[in-house]
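Here's a guided look at how one protein chain holds itself together. Have the viewer ready and click along as you read.

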Amino acid sequence: MNSLRETFLEELADVYDAEKQLVKALPKMAKAAEHDDLREGFEEHLEQTEEHVTRLEQVFEKMGSKAKSKRCKGMQGLIEEGQERIKEDAGDAALICAAQKVEHYEIAAYGSLKSWATLLEEQDVAVLLDETLEEEKETDEKLTNAAESMINVEESKDEDEPGKRKAA
Ligand code: FE
């Protein structure tokens, strides 16, 4: 059985890869967004995500380990689904849903990592992980708000063809 420290480092390598995958995917999400607010939101989160990568490198360093990536299949799957929605031209509501699935996945990973850092008595590491965790939660809330305002927009806009998105 792995020690908690080993489990922590394994999971860290997984989320490090996940964040790097997201750095590549977010510009595509931004490009596909119809509404300016949503596009700007994705662009803002891209900057944060780059910061998350850097923060994870700091965590590796504090743990006395080299930064290591392990292919994160969970994030890969979530991003693939997001790309499918883009290809299908499914619209902003579908993009928001894909993005929220990503945020929830990250919140789960950072929540565990933060708890483990505390158990391992790595307070500096716990603080770094918490900063990212809070940013992921904020992003999730912004996406919830975007989803709700979008539904209102669609309802008032699409009176002729309910449920059908209009071309840009
Ligand atoms: Fe992140």
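## Salt bridges across the chain

Start with Glu-122, which is buried, at a relative accessible area of 18%. That puts Glu-122 in the buried class because the cut-off is under 20%. Keep in mind that this model is predicted. Who does Glu-122 pair up with in a salt bridge? Its partner is Arg-5, and the closest N and O atoms sit 3.1 Å apart. Arg-5 belongs to helix H1 (residues 4–32), while Glu-122 is in the loop between H4 and helix H5 (123–157), so this pair ties together parts 117 residues apart in sequence. Arg-5 itself has 34% relative accessibility and counts as partly exposed.

Helix H1 takes part in another pairing too: Glu-10 and Lys-68 form a salt bridge, 3.4 Å from N to O. Since Glu-10 is in helix H1 and Lys-68 in the loop between helix H2 (36–62) and helix H3 (73–87), the pair ties together parts that are 58 residues apart in sequence. Both ends are partly exposed: Glu-10 has a relative accessible area of 30%, and Lys-68 has 42%.

Now find Asp-124 and Lys-62, whose side chains meet in a salt bridge of 3.8 Å, N to O. Here helix H5 (Asp-124) is linked to helix H2 (Lys-62), with the two positions 62 residues apart in numbering. Lys-62 is partly exposed, at 44% relative accessible area. Some bridges share partners, and that joins Glu-10, Lys-68 and Lys-70 into one network. Altogether the count comes to 14 salt bridges.

## A charge without a bridge

Opposite charges can pair when their charged atoms come close. So what about Glu-103, over in helix H4 (residues 92–119)? Glu-103 is buried yet has no salt bridge. Why not? The nearest side chain of opposite charge, Lys-142, is 10 Å away, and a salt bridge needs the atoms within 4 Å, so Lys-142 can't count as a partner.

Leaving out residues up to four places away in sequence, Glu-103 touches His-45, Glu-136, Thr-139, Asp-140 and Leu-143.

## The iron site

One of those contacts of Glu-103, namely Glu-136, turns up again at the iron ion. Which residues donate to the iron ion? They are Glu-19, His-52, Glu-106 and Glu-136, with donor atoms lying 1.9 to 2.8 Å from the ion. Glu-19 is listed with two OE donors, and His-52 uses its ND1.

Along the sequence, the donor residues are spaced E-x32-H-x53-E-x29-E. Glu-19 is in helix H1 and His-52 is in helix H2, so this pair ties together parts that are 33 residues apart in sequence. Both Glu-19 and His-52 are buried.

## Helix H3 and its two sides

Helix H3 has 15 residues and reaches 21 Å from its first C-alpha to its last, close to the expected 21 Å. Its buried residues are Met-75, Leu-78, Ile-79 and Gly-82. Looking down the axis of H3, these buried residues fall within an arc of 95°, so they line one face of the helix. An α-helix has 3.6 residues a turn, so residues three or four places apart point the same way.

What covers the buried residues of H3? The cover includes H1 and H4. On the other side of H3, Lys-73 and Lys-87 are exposed. After H3 comes Asp-89, which has a positive phi, near 55°.

How values were computed
Residues numbered from 1 in each chain as written. Predicted model: local features only at pLDDT ≥ 70, side-chain atom pairs only at ≥ 80, totals over all residues. Heavy atoms only, no water. Buried < 20%, exposed > 50% of the residue type's maximum accessible area, 1.4 Å probe, protein only. Lys, Arg positive; Asp, Glu negative; His and termini not counted. Contact = heavy atoms within 4.5 Å. Helix = DSSP H or I, 4+ residues; strand = E, 2+ residues; numbered from the N terminus. Donors = N, O, S within 2.8 Å, 3.2 Å for Na, K, Ca; no water. Expected span 1.5 Å × (residues − 1). Arc of directions from axis to C-beta.
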